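Me: I am new to this structure and would like a close look at its cysteines, followed by a careful walk through whatever else helps me to read it. Please answer in one connected piece.

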Amino acid sequence: MKTLVIFYSLEGNTRFISEIVAKELQADIIELKTVKSFPSTGIKKFVWGGKSVVLKERPELKNKNIDLSDYENIIIGTPIWAGTYAAPFNTFFKQYKFSGKKVAFFACHAGGGTEKCFKMFKKSLPDNTFVGEIDFIDPLKKDKKENNSKAINWAKSLTFD
Ligand SMILES: Cc1cc2nc3c(=O)[nH]c(=O)nc-3n(C[C@H](O)[C@H](O)[C@H](O)COP(=O)(O)O)c2cc1C
C-alpha cells in the first residue's frame, strides 16, 4: 500500500510538516509549485494569495502529469489562505480527479480557518474516505520541536487499513 504526501507551501511551514509526515510513513512526497510564484513577503503575499482564493483562481502548476494511480493513501497539506486551502489546490483538484482513496489532511495557519478548510477539502474530493485531519499553528515559527512530535504522532495514528 503506497502513500503519497502532496503539499503546497509558500513560507515553509507546510513543507516542514510534510517532510516529517512523509519520513515517518516512508511515503513519497510531491510539492506543488506554481509557474508564477506568489510573493512570499510583506503585504503583497496577503493581497496576491488572498485574491487568488477569493477569485477561485487556478494558478498554473509546474508539476506535470502527476500519476496518482499507484497510491491508495493520499495525505494533503496546505497553508490556510483566507480561511481555506491555498489556490494551487484549486488547480490540482481540477486537473487530478481521484476517488476510492484514503485521504488525510493537514493545514498550517496563523490561528484560524481550519474547520472551513477541511470542509472545503472534503467537498472537493467526493468519493474518497477521510481518515484524519489536523492543524498546526505556524510550526516553523512557534514550538518547532513540539510540532515535530505532533506531526510524528499524527502520522503514526493514521490508520489506512
Ligand atoms: C494569502 C494568505 C492568507 C492567509 N490567510 C490565513 C487565514 O485565513 N487564517 C490563518 O490563520 N492564517 C492565514 N495565513 C497565514 C498562513 O496560513 C500561515 O502562516 C501558514 O503557517 C503558512 O504556511 P506556509 O509556510 O506553508 O506557507 C495566510 C497567509 C497568506 C499568505
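Reply: The sulfur of Cys117 is 10 Å from the closest cysteine sulfur, which belongs to Cys108, and this is too far for a bond. Please keep in mind that the model is predicted. Seen from the other end, the closest cysteine sulfur to that of Cys108 is the one in Cys117, again at 10 Å and too far for a bond. A disulfide would need the two sulfur atoms within 2.5 Å, and by this rule the count comes to 0 disulfides. Both cysteines are nevertheless away from the surface, since Cys117 is buried with a relative accessible area of 0%, while Cys108 also counts as buried, at 5% relative accessibility.

From the cysteines we can turn to a helix with many covered residues. Helix α3 spans residues 88–95, and 6 of its 8 residues are buried, so that the helix is mostly covered. The buried residues are Pro88, Phe89, Asn90, Thr91, Phe92 and Phe93. They pack against several other elements, namely the strands β1 (2–7), β3 (71–81) and β4 (84–85) together with the helices α2 (42–54) and α4 (114–124).

Several residues of this helix also take part in an aromatic cluster. Ring pairs link Phe89, Phe92 and Phe93 with Tyr85, Tyr96, Phe98, Phe105, Phe118, Phe121 and Phe130. Across the whole structure, a search finds 17 aromatic pairs. One of them joins Tyr85 to Phe93 in an edge-to-face arrangement, with 5.3 Å from centre to centre and 80° between the planes. The two partners are both covered, for Tyr85 is buried with a relative accessible area of 7%, and Phe93 counts as buried at 7% relative accessibility.

The next place to look is the ligand. There are 21 residues around it, and those that come nearest are Ser9, Asn13, Thr14, Ile80 and Asp138. For two of these residues a side-chain distance can be given: an oxygen atom of the ligand is 2.6 Å from an N or O atom in the side chain of Ser9, and for the side chain of Thr14 the distance from a ligand oxygen to an N or O atom is likewise 2.6 Å. Gly111 contributes through its backbone, where a polar atom is 2.9 Å from an oxygen atom of the ligand. On its own the ligand has 650 Å² of accessible area, and the protein covers 89% of that.

Finally, two residues deserve attention for their backbone angles. As a background, most residues other than glycine have a negative phi. Asn65, although it is not a glycine, has a positive phi of about 50°. Its place is in the loop between α2 and β3, and Asn65 is exposed, with a relative accessible area of 73%. Asp127 is another such case, with a positive phi near 65° in a residue other than glycine. Asp127 lies in the loop between α4 and β6 (129–137), and with a relative accessible area of 65% Asp127 is exposed too.

To return to your starting point, Cys108 is buried and Cys117 is buried, yet their sulfurs are 10 Å apart, too far for a bond.

Conventions: Residues are numbered from 1 along each chain as its sequence is written. This is a predicted model: local features need pLDDT of at least 70, side-chain atom pairs count only at pLDDT 80 or more; totals for chains, interfaces and linings use all residues. Side-chain values use heavy atoms; hydrogens and water are left out. Buried means under 20% relative accessible area, exposed over 50%, partly exposed in between (1.4 Å probe, protein chains only). Helices (H or I, at least four residues) and strands (E, at least two) are DSSP runs, numbered from the N terminus. Contact means heavy atoms within 4.5 Å. A residue is near a molecule or strand if one of its heavy atoms lies within 4 Å of it. A polar contact is a pair of N or O atoms within 3.5 Å; within protein, one must be able to donate a hydrogen and the other to accept it, and residues adjacent in sequence count only if both atoms are side-chain atoms. Accessible areas come from the Shrake-Rupley method with a 1.4 Å probe; for residues, only the protein chains shown count as cover. Rings of Phe, Tyr and Trp (its six-membered ring) pair if their centres lie within 6.5 Å; planes under 30 degrees apart count as stacked, over 60 as edge-to-face and the rest as tilted.
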